[in-house]
Amino acid sequence: MNLFKKALKEVNAILDEVLIFNTILNSILVFLGTYIILMLLNLNPWWSLFAALGYLIYVLHKDITKSKLGMVETAYAPLYERLSTAADNADRENEMVEELKKEVVHHLHKVPVSSFVKVRKVSGKILASVLLCFGILLVAIYNINLGALDIDLAQSLQSIMATGDGGDGAGLE
């Protein structure tokens, strides 16, 4: 049944779009959050781009390989078990399987895409992005920073190793 395979491809495409949109919103939040933190620490804020890209790549890979059929089954009760059974038997040709495929396609048309988009969460993420942008503007305008991190790692490690005699546990002299 060609109609069934088209319906499965459409489900995958729509859910991929929803997951990609959500991942991009989260990546923007990661970028803006790390950007403002690096600005406050007087470090190059463009390093936050690497954090955001790393997050984007990792989560996109995880979401793209996720089972979309399982997501539909959990979101829409009448399709529980039926969708995966029909997908497993998509290449079989018999009366029972064809009837199951027709039934699943009928139910798939009733599944709203909005059931996978959490409007409240999306609105919150957009609001958080706007607030972070205003925060970045304020930090940039008033030149607020917490000072550079003047940690001499070699000196710190040397003093830690020097007091490794099992003394009071403070570690620094």
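Which side chain does K66 meet in a salt bridge? The partner is D63, and the separation is 3.4 Å, N to O. Before going on, a reminder that this is a predicted model.

Staying with that pair, the two residues fall into separate accessibility classes. K66 is partly exposed, at 36% relative accessibility. D63 has a relative accessible area of 7%, so D63 is buried.

Now the whole structure. The search returns 5 salt bridges, and I will go through two others besides K66 and D63.

One of them joins D91 to K5, at 2.8 Å from N to O. D91 sits in the loop between α4, residues 82–88, and α5, residues 95–108, while K5 belongs to helix α1, residues 2–40; the contact therefore ties together parts that are 86 residues apart in sequence. As for solvent, D91 is exposed, with 61% relative accessibility. K5 comes out at 37%, which places K5 in the partly exposed class.

The other is between K101 and E98, where the N to O distance is 3.6 Å. Here both residues are in helix α5, with a spacing of 3 residues, or about one turn of the helix. Are these two buried or exposed? K101 is buried, at 0% relative accessibility. E98 has a relative accessible area of 19%, and because the cut-off for buried is under 20%, E98 is also buried.

To recap the placement: D91 and K5 link a loop with helix α1, whereas K101 and E98 pair up within helix α5. That is what I have on the salt bridges.

Methods: Residues are numbered from 1 along each chain as its sequence is written. This is a predicted model: local features need pLDDT of at least 70, side-chain atom pairs count only at pLDDT 80 or more; totals for chains, interfaces and linings use all residues. Side-chain values use heavy atoms; hydrogens and water are left out. A salt bridge is a side-chain nitrogen of Lys or Arg within 4 Å of a carboxyl oxygen of Asp or Glu. Helices (H or I, at least four residues) and strands (E, at least two) are DSSP runs, numbered from the N terminus. Buried means under 20% relative accessible area, exposed over 50%, partly exposed in between (1.4 Å probe, protein chains only).
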